[in-house]
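Let's take a walk through this protein together, beginning with its building blocks and ending at the molecule it holds. Keep the structure in view as you read.

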Amino acid sequence: MADELVLVTGAAGRVAGQLLPGLAGRPLRLFDRTAAQHEGAEVVTGELTDPAALERAVDGVGAVVHLAGNPAPTAAWEELRGPNVEGFAALLAAAARAGVRRVVFASSVHAMGAHEADGRVPVDAAWPPRPCCPYGATKAFDEAVATVASRRGPVSTVGLRLGATVPQPEERSQLASWLGPADLRQVVVRALQVDASRVHLGGYPAVSANTRQHWDLGPARADLGYAPELDSEAFADRVEDDGTDTVACPR
Ligand SMILES: NC(=O)c1ccc[n+]([C@@H]2O[C@H](COP(=O)([O-])OP(=O)(O)OC[C@H]3O[C@@H](n4cnc5c(N)ncnc54)[C@H](O)[C@@H]3O)[C@@H](O)[C@H]2O)c1
């Protein structure tokens, strides 16, 4: 498994920049609409919605870490549908045709944002998705379509509901949902490695071990073996007060 070719989509983005050092030593292929770079990695440049580019991207790949998409919780449906819905469905279909073993994909805590916004915390990952915005709704859809792909095989999927994935929290609203770089790397590697029989949920929260936790990490610990080591509390006295304790979108 350690020598299989791993495709990272959205490889020119911010999350990928924090993740890629954690995949050192693995054969890597990078895919993005803008040219991505990482030492020793193959590069395929193209659009998720271009079938020929996707075929090139998944050819010979053992596992995918799918990060490409529109990450904006404020985005309108028209801006999200191509990258987050059509693009992800196309990637899953291409991965299945190519015999890819595992697709780990970036969902978001916004898929469960309405639970958080309504004060139902810590959010249980087994509750039904309750997005707080169109962006969160695309992530909930992604979890559903990935579950279908997993059931049909041969690809198996692991959805990670990433929290605020930044090197360090900068606003009060990020303290409950921060995912620090070392924990990002750990949870993605765990998700690449975990046996498919252990994956029971469409999406697992991926946040650090924050003192002000809004996300129950029990299932991620039990199923994926995720053992986060970082805590946003170390930065709590330095963050800007943006007036809220949640990442959920306001009503
Ligand atoms: N950054 C966060 O805190 C955060 C939190 C939760 C979830 N996520 C998710 O993680 C993923 C990565 O987020 P990010 O912050 O790195 O975003 P980003 O915008 O920095 O990177 C996304 C990358 O995807 C590429 N891309 C977008 N649409 C594409 C398409 N149709 N075809 C090819 N490439 C395309 C972009 O060029 C970009 O390099 C997204 O799916 C996002 O929803 C991010």
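Helices and strands here are runs assigned by DSSP, with at least four residues for a helix and at least two for a strand, and they are numbered from the N terminus. Please keep in mind that this is a predicted model.

Start with the overall fold. The protein has seven helices and seven strands. If you trace the chain from the N terminus, the elements come in the order β-α-β-β-α-β-α-β-α-α-β-α-β-α. Along its principal axes, the C-alpha trace spans about 45 × 35 × 35 Å. A compact globule of 251 residues would have a radius of gyration near 18 Å, so the 17 Å of this protein agrees with that expectation.

Now turn to the ligand. The space it takes is the largest pocket, and 24 residues surround it. The closest are Val 15, Asp 32, Tyr 135, Lys 139 and Thr 165. By character, the shell divides into eleven nonpolar, eight polar and five charged residues.

Which elements each supply at least two residues of this shell? They are α1 (14-19), β5 (102-108) and α5 (134-152). Of the elements, β5 gives the most, with three residues.

Finally, look at some individual contacts. A polar side-chain atom of Tyr 135 lies 2.6 Å from an oxygen atom of the ligand. Backbone atoms take part as well: a polar one of Thr 165 is 2.9 Å from an oxygen atom of the ligand, and a polar one of Leu 48 is 3.0 Å from a ligand nitrogen atom. On its own, the ligand has 820 Å² of accessible area, and the protein covers 88% of that.

How values were computed:
Residues are numbered from 1 along each chain as its sequence is written. This is a predicted model: local features need pLDDT of at least 70, side-chain atom pairs count only at pLDDT 80 or more; totals for chains, interfaces and linings use all residues. Side-chain values use heavy atoms; hydrogens and water are left out. A residue is near a molecule or strand if one of its heavy atoms lies within 4 Å of it. A polar contact is a pair of N or O atoms within 3.5 Å; within protein, one must be able to donate a hydrogen and the other to accept it, and residues adjacent in sequence count only if both atoms are side-chain atoms. Accessible areas come from the Shrake-Rupley method with a 1.4 Å probe; for residues, only the protein chains shown count as cover. On a 1 Å grid over the protein atoms alone, a cavity is a set of points where a 1.4 Å probe fits but cannot get out, and a pocket is an open set with protein on both sides within 12 Å along at least five of seven lines; lining residues have an atom within 4 Å of a point. A molecule sits in a cavity or pocket if more than half of its atoms lie within 2 Å of its grid points. Ala, Val, Leu, Ile, Met, Phe, Trp, Tyr, Cys and Pro count as nonpolar, Asp, Glu, Lys and Arg as charged, and the others, Gly among them, as polar. The radius of gyration is taken over C-alpha atoms; the globule rule is 2.2 Å times the number of residues to the power 0.38.
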